[in-house]
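Let us walk through the empty spaces, the packed regions and a few unusual backbone spots of this two-chain model. Keep the viewer open as you read.

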Amino acid sequence: MPPVLSAHHLNKYFYDPTKFQVLKDITFEVQAGDFMAIVGKSGCGKSTLLYLLSTMDTAYDGEIEMAGTKLTGRSQDFLARFRNEHLGFVFQFHFLLPEFSALQNVMLPGLKLGKYPEKEVEERAMEKLRLIGMADFARKPASKLSGGQQQRVAIARALINDPTIIMGDEPTGNLDRANGDNVFSIFRDLARKGQTIIAVTHDPDFAAGTDRVIEMSDGMIIASYENPVQ
Amino acid sequence: MDLHIASQIAQTHLTAKKRQTLVAMLGVTFGIAMFITMISFMQGVNQFLEDSALDASPHIRLYNEVNTQRPSLIEQLNPGRFNVVYHQKPKDEQSRIKNGLTIAERIEREPGVLGVSPQVATQVFYNNGPIQLSGTISGVDIDRENRLYKLYTRLKSGSLNALKTNPDGLIMGTVLARKLNVRVGDKVTVTTPKGTTRVLRVVGTFGFGVGTVDNTRSYGNLSTVQEMLQRDPSYITDIHIKMIDPLQALPFGQKLRATYGYYTEDWATANTAILAGEKIRNMLTYVVSITLLVVAGFGIYNIMNMTVINKIKDIAILKATGFDARDIIAIFLLQAVFIGFTGGLMGLGIGFGISYLLSITPFDAGDFLSIKTFPVIFAAKYYVMGLLFGVITTILAGYFPARKAAQVDPVAILRG
Ligand SMILES: Nc1ncnc2c1ncn2[C@@H]1O[C@H](COP(=O)(O)OP(=O)(O)O)[C@@H](O)[C@H]1O
Ligand SMILES: [Mg+2]
């Protein structure tokens with residue numbers, strides 16, 4: 001089976017304040033249904049790599065292909081459509097639109113996709129919120145939610161369009177043990193049903209529960225190994 | 001691009017900062033209200049002045065100009081030599097229009113002509129005791145003159161018919177009558193340039209609201225004035241013509257000049273000052289209104305720029321979750337358009353209110369002007385124009401911040 005994501009020889013530089021190579025010849029592939037963790041010390045380039053994979057950062061050398069589509073060198077509009085349909089993100093600093101309710105935040109990418117009528121998008125959004133344990137807060141403005149709650153709503157938003165790949169930058173970073181475990185088991189479940197999960201994490205237990213781990217250091221992949229099946 | 005989501009997001013942004021939205025809207029409101037008020041009032045003034053000038057003057061005046069330049073006899077016989085003639089007198093030519101009455105009748109039958117009034121006009125002195133004023137007297141067929149100038153509406157006292165029954169009657173401009181201190185029934189001595197004097201009785205007064213007319217002119221019977229000038233009953237100096245369409249006066253006047261060989265003057269030439277004033281007022285209206293709208297536009301530009309900066313995280317998230325540049329532009333442009341449209345509508349309402357108040361405000365113009373309140377024109381096209389200006393201004397003012405928003409790099413924001 002062809003990989004759902006492949007990254008070939010990714011190199012990235014920052015020029016500010018001085019020229020400095022953040023990512024050095026990163027090459028790896030991910031199979032559909034994989035639950036993969038990226039680990040490494042702070043500052044080693046994990047977030048930078050994830051932004052490259054997210055298609056938002058296009059200033060890199062190398063090549064990225066996802067869901068059978070070559071994404072390197074595409075127009076911004078093409079990439080926006082691709083993100084909307086195929087990718088779901090959970091950012092490191094849980095970003096929601098503060099003036100919208102939790103439910104509306106989850107619905108927006110679904111409305112943009114336009115695959116389902118508004119009523120159905122709302123039902124689906126409620127379902128995702130229920131999954132993440134945030135259904136009770138659906139009508140609350142995002143600005144009135146705690147950090148952890150916002151992060152969970154962001155996870156629900158990442159799921160709304162049933163994306164091919166879900167990416168998370170420390171998706172459980174702001175969650176307590178119980179909620180963190182809940183998110184982990186949701187990811188596990190989604191992976192079992194065929195969605196691909198790529199999560200940057202600092203949590204050794206989280207990493208140990210995934211299928212595969214890529215370990216980075218100084219912008220390079222220094223190790224890549226499969227976790228034993230539990 | 002999905003306008004429905006874009007407008008939903010735009011709406012949320014607008015309601016989240018009501019005060020800012022209102023301030024931006026009020027800028028447009030003020031500009032448009034000012035525009036509506038100014039244009040309605042200025043156009044009202046234009047119309048009023050044009051009307052009163054047009055009412056009081058013929059569309060075309062056919063006359064014979066005396067004292068035209070002519071070369072001296074020696075100049076004709078001996079051209080190009082050193083000829084000197086001192087104190088050359090103009091040829092003794094009458095200002096009569098030959099066959100004036102026949103010409104008048106013929107013109108009257110032409111299509112597009114509303115009415116024709118042949119008359120004898122001359123300079124005179126009006127005397128009442130020690131008061132002596134110069135002015136003009138027009139000998140007219142009062143019915144024909146009435147048809148041209150609706151004299152019965154201009155009558156301030158007396159009656160038109162009295163002129164027909166009294167050969168020595170005189171209908172006098174109100175201001176002139178006041179200066180002479182005469183009223184209906186009083187007598188005035190009128191002296192012509194020929195030196196003849198005749199005592200006429202004031203049987204009415206009129207006011208056109210035009211100083212140069214009310215101040216100087218009187219109407220007498222055609223035959224009386226002819227007698228005073230010691231002329232025969234076919235003596236005519238002026239033919240006044242009114243057209244059904246005033247704009248036809250210019251070509252028709254040229255035609256008459258070519259046909260009859262007399263001088264013609266049309267209303268546009270006679271009233272150049274009024275038409276120039278009109279242009280200046282129009283210009284003033286547009287300059288002031290556009291200035292106000294530009295100021296409002298900068299207000300919107302500033303507020304939209306601030307909104308984009310405040311919402312930069314939202315923009316990054318929207319882009320990250322798949323909204324493209326056009327969606328982002330739509331979101332912010334819609335906000336600007338909403339501000340422009342709502343502000344514009346309020347401006348139209350307020351503009352209408354102010355115009356209405358102005359139109360019922362008593363305006364004491366003396367007896368000169370025949371108005372009781374400020375002249376204001378209510379025309380739908382001004383309101384359409386106002387709204388159009390408002391929306392165009394806000395689209396321009398909103399477009400640049402919106403484009404800036406569309407160019408936001410989400411990674412730079414989301415990296416934190
Ligand atoms: N915009 C930037 N300009 C310059 N250097 C940056 C920028 N963003 C990140 N870096 C640097 O790149 C390196 C990798 O950052 P990052 O990918 O955020 O690390 P991680 O997520 O693994 O902690 C760090 O040394 C960081 O200081
Ligand atoms: Mg990081």
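## Spaces, cores and backbone

Sorted by class, the lining of the largest pocket comprises 15 nonpolar, 17 polar and eight charged residues. Here Ala, Val, Leu, Ile, Met, Phe, Trp, Tyr, Cys and Pro count as nonpolar, Asp, Glu, Lys and Arg as charged, and the others, Gly among them, as polar.

Before going further, a word on conventions. This is a predicted model, in which local features need pLDDT of at least 70 and side-chain atom pairs count only at pLDDT 80 or more, while totals for chains, interfaces and linings use all residues. Residues are numbered from 1 along each chain as its sequence is written, chains are lettered from A and ligands numbered from 1 in the order in which they are written, and side-chain values use heavy atoms, with hydrogens and water left out.

### The largest pocket

The volume of the largest pocket is about 1100 Å³. Its lining has 40 residues, and Arg61(B), Ala121(B), Gln123(B), Thr136(B) and Asp238(B) are the closest to its centre. Two or more lining residues come from each of α2 (18–56), β1 (60–63), β2 (113–128), β3 (131–140), α9 (211–214) and β9 (238–243) of chain B. Helices (H or I, at least four residues) and strands (E, at least two) are DSSP runs, numbered from the N terminus.

Why does the largest pocket lie between domain 1 and domain 2 of chain B? Both domain 1 (3–54 + 274–415) and domain 2 (58–69 + 93–270) give residues to its lining, so the pocket lies between them. The domain bounds come from an automatic or database domain assignment.

On a 1 Å grid over the protein atoms alone, a pocket is an open set of points with protein on both sides within 12 Å along at least five of seven lines, whereas a cavity is a set where a 1.4 Å probe fits but cannot get out; lining residues have an atom within 4 Å of a point. Grid points are joined across faces, edges and corners, and a volume is the space filled by probe spheres set on the points.

### The cavities

By this rule there are five cavities of 30 Å³ or more. The largest holds about 110 Å³ of space. It is lined by 13 residues, with Leu87(A), Gly88(A), Pro109(A), Arg157(A) and Thr321(B) nearest its centre. In chain A, α2 (76–86), β6 (87–90) and α5 (147–159) each give two or more residues to this lining.

The second largest cavity has Leu50(A), Phe89(A), Met167(A) and Asp169(A) among its lining residues. Two or more residues of that lining come from each of α1 (46–53), β6 and β7 (165–169) of chain A.

| Cavity | Volume | Lining by class | Element giving the most |
|---|---|---|---|
| Largest | about 110 Å³ | seven nonpolar, four polar, two charged | β6(A), three residues |
| Second largest | about 60 Å³ | six nonpolar, two polar, one charged | β7(A), three residues |

### Packed regions

Helix α3 (residues 102–113) of chain A has 10 of its 12 residues buried (under 20% relative accessible area, with a 1.4 Å probe and protein chains only), so it is largely enclosed by the rest of the structure. Pro109(A), named above for the largest cavity, is one of these buried residues. The cover over them includes α2, α4 (118–131) and α5 of chain A, together with α1 (3–16), α14 (312–320) and α15 (325–360) of chain B. Just after α3(A), Gly114(A) takes a positive phi of about 70°.

A nonpolar core is a set of buried Ala, Val, Leu, Ile, Met, Phe, Trp, Tyr and Cys residues joined through side-chain atoms within 4.5 Å. The largest has 115 residues, and Leu5(A) and Phe28(A) have the most contacts inside it. Its largest share, nine residues, comes from α15(B). Apart from it lies another core, of 39 residues, including Val113(B) and Ile239(B).

### Backbone details

The peptide bond from Asp16(A) to Pro17(A) is cis, with omega near 0°, and Pro17(A) sits in the loop between β1 (5–14) and β2 (20–30) of chain A. Asp25(A), though not a glycine, has a positive phi of about 45°; Asp25(A) belongs to strand β2 of chain A.

Conventions. Buried < 20%, exposed > 50% of the residue type's maximum accessible area, 1.4 Å probe, protein only. Contact = heavy atoms within 4.5 Å.
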